[in-house]
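Reader: Could you take me through one part of this model in some detail? I'd like a close look at a single chain, how it packs inside and how it meets its partner.

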Amino acid sequence: MRWLYDPSQTQQTLSVKLLNVNWPLVALVTTIAGVGFAMLYSAGNGSWHPWAERQVVRYLVAALVMLVVAMVDIRVWLRAAYGFYAVTMILLIAVEVRGAIGMGAQRWIDLGIIQIQPSEFMKIALVMVLARYFNGMPVEEIRNPVKLIVPALLILVPAAMVLKQPDLGTAIMLVLGGAAMFFLAGVRLWKFAVMFAVAGAVVPFAWHHLREYQKNRILTFLNPENDPLGAGYHSLQAKIAVGSGGVFGKGYLSGTQAHLSFLPERQTDFIFTILGEEFGLVGGLVLLALYAVVFAYGYAIAFRSRSHFGRLLAFGITTNLFLYVFINVAMVIGLLPVVGVPLPLVSYGGTSMLTVMFGFGLLMSVYVHRDVRIGRYGEAEI
Amino acid sequence: MKKSNGRGKTLTRRAMVLAGGKVALLAALAGRLYYLQVVQAPKFSMLADENRINIRLLVPPRGLIVDRFGVPLAINRPTYQAVVIPEQAGNINETLDVVGALVPLTEADRHRVLRDIRNHHSFVPIVLREDMDWNEMARIDVNAVDLPGVSIEQGLIRHYVFGDETSHVVGYVAPVSEQELNSDDPLVELPDFRVGKSGVEKQYDLELRGTAGTSEVEVNAFGRVVRELAHEDGIAGDQIVLGLDMDLQDIAMRRCAAQGSASAIVIDSWTGEVLALASAPGFDPSAFASGLSPAQWKALVDNPYNPLENKAIAGTYSPGSTFKPLVATAALEAGVITPDTEFFCPGEYHLGNTVFHCWKKGGHGTLSVRRAIKESCDVFFYHTADLVGIDRIAQMANRLGLGVKTDIDIPGEKTGLIPTRAWKLATTGVAWQRGETLSCGIGQSFVSVTPLQLATYVARIATGHTVKPVLARDGGVMTASSPIATAISHAFAPLGVQQKTLDVIRDAMYGVVNEVHGTAYGARIQDPTMIMAGKTGTAQVHHIAREIRDRGVVTGTKVPWKDRDHALFIAFAPVAAPRYVCSVVVEHGGATGGEGGAVAAPIAHDLLLEAQKRDPARRVPPVPFDAAKLAQG
């Protein structure tokens, strides 16, 4: 009955845990972040200032956070899931309240040392809370639609609040990330069909509640040529940048679109355009390949995990990361409307970097504690 | 645990399904990248270049306009403007204070500058002061150290060296108008570009324009110029050489201006070159290049002397007695009179119940055509006109250049009017009256001509060829070695008027000026090698009613200026080999209210005397003008 009790797996020393960290994944993540540093150096017109230098510092801090998260026992994360979600939810409400009092869109909370964006944390919190929820649920309960109401609310309430901020990109990320968790947990496919139908019914209502600029972005996505100087400007200039890069690009620091300021937001959401312009198709495919290897690692870690919670968590985080990458690149190259989603590890931004690295920390925690067996309520199954 | 294993299998299966979806989506991204960066790369490369490369046109220097000896009439004067780039200037108020201490800067200027700075990106140069002279420019330039961000830009502005003296010949340039924007020439879009609006500037505008230069610059998304990629200078416009002799033009303009509203033309009838074309008063054409103020415009329009009208080509006047040599020519050629045909002038002429008066109360007695022209007898020409008829007069008038456009190479020429029977029936519906032929016979009634037509007419009498006046000169600037015309140009066909007729007319015109009782005896040229022949004319502006005539005709300064008669004179010289011709029209008798012989003939005397003294056969061209010296004043 070895699978019932293996003290060496439950009581690892810190040094053993450090050895168990998936160091090739750390190297991979650092490589992608390095691509980001290079792009930010270029975005700053060949200068570490103002973006690249701060991004390096953020990465180093976030990497430390990642390792700390990886060291913490997976069961602790399971138990902390509801609390983490609750705290994030409170922060989200706080932002909402302050936004209502202050002027216009408000996504930030200033903690003095750093500014944080609770909606970013919500992406991870949602994966954690759903992983815990479905971990504690047997198959027959998953088949009971009533039991799905609570997790559905866990997704939709924060998504609605984020949408109201308004941050369409993050709201979509939350809904898609949550839906992926439902799918992984084994929710019947016909229920997804029902949800699609409901969503379809909600679309006109939601459309009514979108801000004018959000409507414009969607309309412009559907027909970008009709407004090249207005709402279509981002989209068109990004396509020009990427398209003019050709196969091998214009060369590092030689992108005319980026350096002559034709690209708005080039250091954040549109950073992929610099890569596409300066390194061409080759550069873009290499970065996508690096991400693909990361996703493969995430899958490998999930499969290697012996606990249902660990697997859900690893798949969830990987899927979330994938959604980040896909939505960002797709919007930059004109496959999706322009919604504010950063490119993980590469885009300039503290909260995004911290969230992504926190996610990687959880992924590594799953790996480090891959043989820990977890019961329905987070106890080690002895 | 079995159930747990069941959900584990579901998880694995579904994770694989998701993985498949992810691979498909990543493939879609890769496919899209291939589409953008390989299939559509040329299109996007072009768009990227269009984004960053801005081609700016550079206005080429406009061609110069010079007189026959190369004296510049229209040049491009350097103009300086001080501009400031706000982002480099620091404290803009300090900059304005320093500049204000160096050159005059009004409160309005300061407000405009501050407003412009607020309304533009901080890298856009803002004009501090326009159209500075060299001294002002230099004062700012030497203080450049105290003026960060301030620089001097040099441009060119059209300048007319002789101002109002050539305004009607050379014309002027002004900013492009709405209608002129519909042109193929991209230059017209440029704010600094000027087009010819009148005179030679308009006629030869395309030649004067030149070809635009280009500057290819790289700009960023805000329009800031990052660097210049390529630069190609424009090609300056062609120089236009006029047949004008600026010294003669100067005399003509001074003499005309002294008479208030007048015009005078001197033509070298052998070549058709216009040596002087004066229409007084003129206006300052340079003012149009920078834009007229409403007050300046109103002053020009309200001036009773009508300075904007080129009277030499667009003023139409009754020719008066200057028409008599033409009627005589028509009659001699038609054979209705001979040089010896005599008529008796008792001072009036009866046609039916109508009485036609001679200007000379008591009459001229019996006279033939020579004395009739010399003393300008009206009764003789009532007889003659009645005999030859209006249609034959009109035919000869057109042949000699009256009532038809001369096609001189500046715009705005008027046709005037030489009536015919058919014309009157067509326009009024009333048949021609015999009495009207008599009035036309002394150059009144419907007959109207321009001073340029008069000059052309006398040139054709003087040469017997179909001389056509022209301003632009073939063969460029005259130099000491330039060939000189020694005979009438082959381009002018013979008129087809008998030599003996021309001899009679010329001899009579000799009498007008050089014999006692001639109407212009006082204006004769005494130098025997330069003798002038001519014909006076007085054109009624108002019909003189019988009752007024009965009370005694009131003339001269006793009637209001606007109602006085015009004084005319046509002339050629030298009589031995006629070459230079002249026509003078002094509106309303000028300053003294005098007649043709008293007011107009002396001007012709001075102009033809000077023209002959300046005859190219007698002189070498002057030292070429130094255009640069002139430009700096």
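Author: Happily! Buried residues make up 42% of the 633 residues in chain B, where buried means that 20 or more other C-beta atoms, placed from the backbone, lie within 10 Å of a residue's own, exposed means 12 or fewer, and partly exposed is in between. This is a predicted model, in which local features need pLDDT of at least 70, side-chain atom pairs count only at pLDDT 80 or more, and totals for chains, interfaces and linings use all residues. Residues are numbered from 1 along each chain as its sequence is written, while chains are lettered from A and ligands numbered from 1 in the order in which they are written.

The secondary structure of chain B comes to 24 helices and 19 strands; these are DSSP runs numbered from the N terminus, helices being H or I with at least four residues and strands E with at least two. Two residues are in contact if their C-beta atoms, placed from the backbone, lie within 7 Å. Among chain B contacts between residues at least 6 apart in sequence, 77% join residues at least 24 apart.

Now for the interior. The largest nonpolar core holds 125 residues, and B:Ala571, B:Cys582 and B:Leu607 touch the most other members. Such a core is a set of buried Ala, Val, Leu, Ile, Met, Phe, Trp, Tyr and Cys residues joined through C-beta atoms within 7 Å. Helix 23 of chain B (residues 596-613) gives the most to this core, with nine residues. Leaving out residues up to four places away in sequence, the partners of B:Ala571 include B:Val458, B:Met532, B:Val581, B:Cys582 and B:Leu608.

On to the partner chain. The contact takes 35 residues from chain B and 40 residues from chain A. On the chain B side, helix 1 (2-39) and helix 2 (41-52) each supply at least two residues, and helix 1 gives the most, with 22 residues. By class, that side has 19 nonpolar, nine polar and seven charged residues; Ala, Val, Leu, Ile, Met, Phe, Trp, Tyr, Cys and Pro count as nonpolar, Asp, Glu, Lys and Arg as charged, and the others, Gly among them, as polar.

Finally, confidence. The model scores ipTM 0.89 and pTM 0.66. Chain B has a mean pLDDT (the predictor's confidence in each residue, from 0 to 100) of 86, and 92% of its residues reach 70 or more. Over residues 544-549 of chain B the pLDDT is below 50, and this stretch has four contacts beyond near neighbours in sequence. Residues 620-633 of chain B also have pLDDT below 50, with 19 such contacts in the model. Where pLDDT is low, the predicted coordinates should not be read in detail.
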